[in-house]
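Here are a few exercises to work through with the model open beside you. Try each task before reading its solution.

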Amino acid sequence: MNIGLISDSHHKIEYLKACIDFLKQDGCEYLIHAGDICSLEGLNILKDSNLKYIAIFGNNDRNLFEYSSNFNIKTEPYYFKIKDISFKLMHIPNYLVPDSNIVIFGHTHKFHCEYINKTLFLNSGEVCAREKPIIECAKLEINTNQYIITHYFKNTNENNFMKEEFKYEQ
């Protein structure tokens, strides 16, 4: 199972679309946005991706509350399952406790990948390239006994994503 992870797109629609298109080409079946989408256009890009997706409201998404019934966007922390794997999705990392198999968060604009006591903690970094001139996203591959996380990043003036990979035995 391949899941695309994005966060903190902050009105950067062209970067958001580039990340989603890249993750789709890389075989992602699902898409998770960890908040700060900031625009209706961003929500439409998620919906129009034709991937199963879920998103969480970020601290800059107050203007999107009225659209929650039209899009799969939730308040934090939001717990859900994909197949037999439990997830907790949040924007602000206030609840970083191991109460699910995978904890996904955003807000910091920094890639984070850590496996502690059988819980995977992930932040895909920032789509918006606000803190640094780098566009980031990630792919989570879930296999029978292993998580493979691929962190993708590219300079805003480059065409191709670079990558680094992390593997954890479940």
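This is a predicted model, with local features needing pLDDT of at least 70 and side-chain atom pairs counting only at pLDDT 80 or more, while totals for chains, interfaces and linings use all residues. Residues are numbered from 1 along each chain as its sequence is written, and side-chain values use heavy atoms, with hydrogens and water left out.

**Exercise 1. Find what follows helix 2, then work out which of its residues are buried and what they pack against.**

Step 1: get the terms straight. Helices (H or I, at least four residues) and strands (E, at least two) are DSSP runs, numbered from the N terminus. Buried means under 20% relative accessible area, exposed over 50%, and partly exposed in between (1.4 Å probe, protein chains only).

Step 2: go through residues 40–48, where Gly42, Leu43, Ile45 and Leu46 come out buried. They sit on the same side of helix 2 because they cover an arc of only 155° around the axis (the arc is that of the directions from the helix axis to the C-beta atoms).

Step 3: look for partners, with contact meaning heavy atoms within 4.5 Å. The buried residues pack against strand 1 (2–6), helix 1 (13–25), strand 2 (30–33), strand 3 (52–56) and strand 4 (73–74).

Step 4: check the far end. Asparagine 50 follows helix 2 and has a positive phi, near 65°.

**Exercise 2. Trace the strand order of the seven-strand sheet and place the helices on it.**

Step 1: two strands pair if DSSP finds at least two bridges between them. That gives an open sheet with mixed pairing, in the order 4-3-2-1-10-11-12. Strand 4 and strand 12 (162–169) are the edges, each pairing on one side only.

Step 2: zoom in on one pair. Strand 11 (residues 146–155) and strand 12 run antiparallel and share eight bridges; glutamine 146, for instance, is partnered by glutamate 169.

Step 3: add the helices. Axes are lines fitted to C-alpha atoms, for helices over the stretch in contact, and angles run from 0 to 180 degrees between N-to-C directions. Helix 1 lies across strand 1, strand 2, strand 10 (134–142) and strand 11, at about 30° to strand 10. Helix 2 touches strand 1, strand 2, strand 3 and strand 4, and its direction makes about 150° with that of strand 3.

**Exercise 3. Do the same for the five-strand sheet, then locate leucine 96.**

Step 1: the order is 5-6-7-9-8, again open and mixed. Strand 5 (78–82) and strand 8 (111–116) each have a single partner strand, so one side of each lacks a neighbour in the sheet. From one strand to the next, the twist averages 20°.

Step 2: strand 6 (residues 85–89) and strand 7 (residues 102–104) run parallel, joined by three bridges. Lysine 88 has valine 103 as its bridge partner.

Step 3: leucine 96 is in the loop between these two strands and is partly exposed at 37%. Skipping neighbours within four places in sequence, its contacts are Met90, Val103, Phe105 and Phe121.

**Exercise 4. Say how many disulfides there are, and why cysteine 137 has no bond to cysteine 19.**

Step 1: with a disulfide defined as a pair of cysteine sulfur atoms within 2.5 Å, the search finds zero.

Step 2: the sulfur of cysteine 137 is 4.0 Å from that of cysteine 19, its closest cysteine sulfur, and that is too far for a bond. Cysteine 137 is buried, at 0% relative accessibility.
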